[in-house]
Amino acid sequence: MMSEKNKMLAGLPYRADCPELVADRERASAWMDRFNARQAAPAAEQRDRLAELFADVGEGVVIRPPFHCDYGYNISVGRNVFVNFGCIVLDVAAVEIGDFTQIGPGVQILTADHPRDPELRSRGVESGRPIRIGRNVWIGGGAIVLPGVTIGDDAIVGAGAVVTRDVPAGATVVGNPARLVSGVASPSGR
């Protein structure tokens with residue numbers, strides 16, 4: 001029989017109130033208390049602190065407190081990523097953020113999902129779908145990225161957008177729900 005944590009990690013429906021996941025969230029909460037209290041921490045100290053919790057942290061990463069997540073161990077961040085104040089990452093599934101990506105203030109990256117069936121919801125069942133954010137992506141302030149979304153390399157997500165579907169590489173999306181306003185520029189720049 002699979003543990004609730006193993007179900008969560010496998011992308012299956014699970015219950016988050018099991019003792020193992022509660023302990024993992026408490027560990028992440030204690031980490032956030034320390035991380036968010038050190039806004040003026042030197043870059044090397046900040047990176048070391050991120051490496052305590054995240055699955056992977058590239059060189060040159062800057063995450064400005066306050067920062068909030070569920071577990072942390074499902075988050076992988078590439079090189080030279082910048083995350084501004086107030087980012088929330090619900091990482092019940094994998095969250096991958098590619099090199100050179102910039103994330104504005106107040107962005108929410110939400111892998112957590114809940115059943116549409118009210119009976120299952122009332123029993124505390126939930127699930128998650130991974131989010132992949134490519135290389136050199138810019139996500140504007142206040143944007144929300146929903147479960148299962150992939151954002152391609154070099155894409156732009158406008159401020160306040162609610163991203164419900166995959167965003168192609170090089171595209172710009174805006175609005176709620178986010179819609180394509182431009183695609184990939186030609187090599188000549190036209």
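Mentor: A residue is called buried under 20% relative accessible area, exposed over 50%, and partly exposed in between. With that in hand, let us consider this structure, which is a predicted model.

Trainee: Why does D153 count as partly exposed?

Mentor: The relative accessibility of D153 is 31%. Partly exposed covers the range between 20% and 50%, so D153 counts as partly exposed.

Trainee: Where is the place of D153, and with which residues is D153 in contact?

Mentor: D153 sits in the loop between β16 (150-151) and β17 (156-157). Leaving aside neighbours within four places in sequence, D153 is in contact with R132, G134, R135, V137, A169 and G170. Contact here requires heavy atoms within 4.5 Å. As for S29, 124 residues away along the chain, its C-alpha atom is separated from that of D153 by 31 Å.

Trainee: D154 belongs to the loop between β16 and β17 as well. Is D154 buried or exposed, or in between?

Mentor: D154 has a relative accessible area of 44%. Exposed would require over 50% and buried under 20%, so D154 is partly exposed. Its backbone also deserves attention: phi is positive, at about 65°, although D154 is not a glycine.

Trainee: What makes N136 notable in its phi, and where does N136 lie?

Mentor: N136 is not a glycine, yet its phi is positive, at about 60°. The residue lies in the loop between β13 (131-133) and β14 (138-139). With 37% relative accessibility, N136 falls between the two cut-offs and therefore counts as partly exposed.

Trainee: Why is T172 called buried or exposed?

Mentor: T172 has 16% relative accessibility. Buried means under 20%, so T172 counts as buried. T172 is found in strand β19 (residues 172-174). Not counting residues up to four places away in sequence, T172 touches I156, R179, L180, V181 and S182.

Trainee: Which peptide bond that ends at P66 is cis, and what is its omega?

Mentor: The bond from P65 to P66 is cis, with omega near 5°. P66 is placed in the loop between β3 (62-63) and β4 (67-69). A cis peptide bond also joins N176 and P177, where omega is about -5°. P177 belongs to the loop between β19 and β20 (179-182).

Trainee: Turning to the whole chain, how many helices and strands does the protein chain have?

Mentor: The protein chain has four helices and 20 strands. Its radius of gyration is 17 Å, close to the 16 Å that the globule rule gives for 190 residues, so the chain is as compact as a globular protein of that length. The C-alpha atoms fill a box of roughly 55 × 45 × 25 Å along the principal axes.

Trainee: What share of the residues counts as buried, and how much of the accessible surface belongs to carbon and sulfur atoms?

Mentor: Of the 190 residues, 43% count as buried. The accessible surface comes to about 9,500 Å², and 54% of that belongs to carbon and sulfur atoms. Among contacts between residues at least 6 apart in sequence, 27% join residues at least 24 apart. The mean positions of the 20 positive and 22 negative charges are 5 Å apart.

Trainee: Which residues does UniProt list for the Maltose/galactoside acetyltransferase domain?

Mentor: The unreviewed UniProt entry lists residues 5-59 for that domain. In the model, this span is 62% helix and 7% strand, and its end C-alpha atoms lie 29 Å apart.

Key
Residues are numbered from 1 along each chain as its sequence is written. This is a predicted model: local features need pLDDT of at least 70, side-chain atom pairs count only at pLDDT 80 or more; totals for chains, interfaces and linings use all residues. Side-chain values use heavy atoms; hydrogens and water are left out. Helices (H or I, at least four residues) and strands (E, at least two) are DSSP runs, numbered from the N terminus. The radius of gyration is taken over C-alpha atoms; the globule rule is 2.2 Å times the number of residues to the power 0.38. Buried means under 20% relative accessible area, exposed over 50%, partly exposed in between (1.4 Å probe, protein chains only). Accessible areas come from the Shrake-Rupley method with a 1.4 Å probe; for residues, only the protein chains shown count as cover. Lys and Arg count as positive and Asp and Glu as negative; His and the chain ends are not counted. The place of a charge is taken as NZ of Lys, CZ of Arg, CG of Asp or CD of Glu. UniProt positions are given in the numbering used here, feature names are shortened, and annotations may be inferred rather than shown by experiment.
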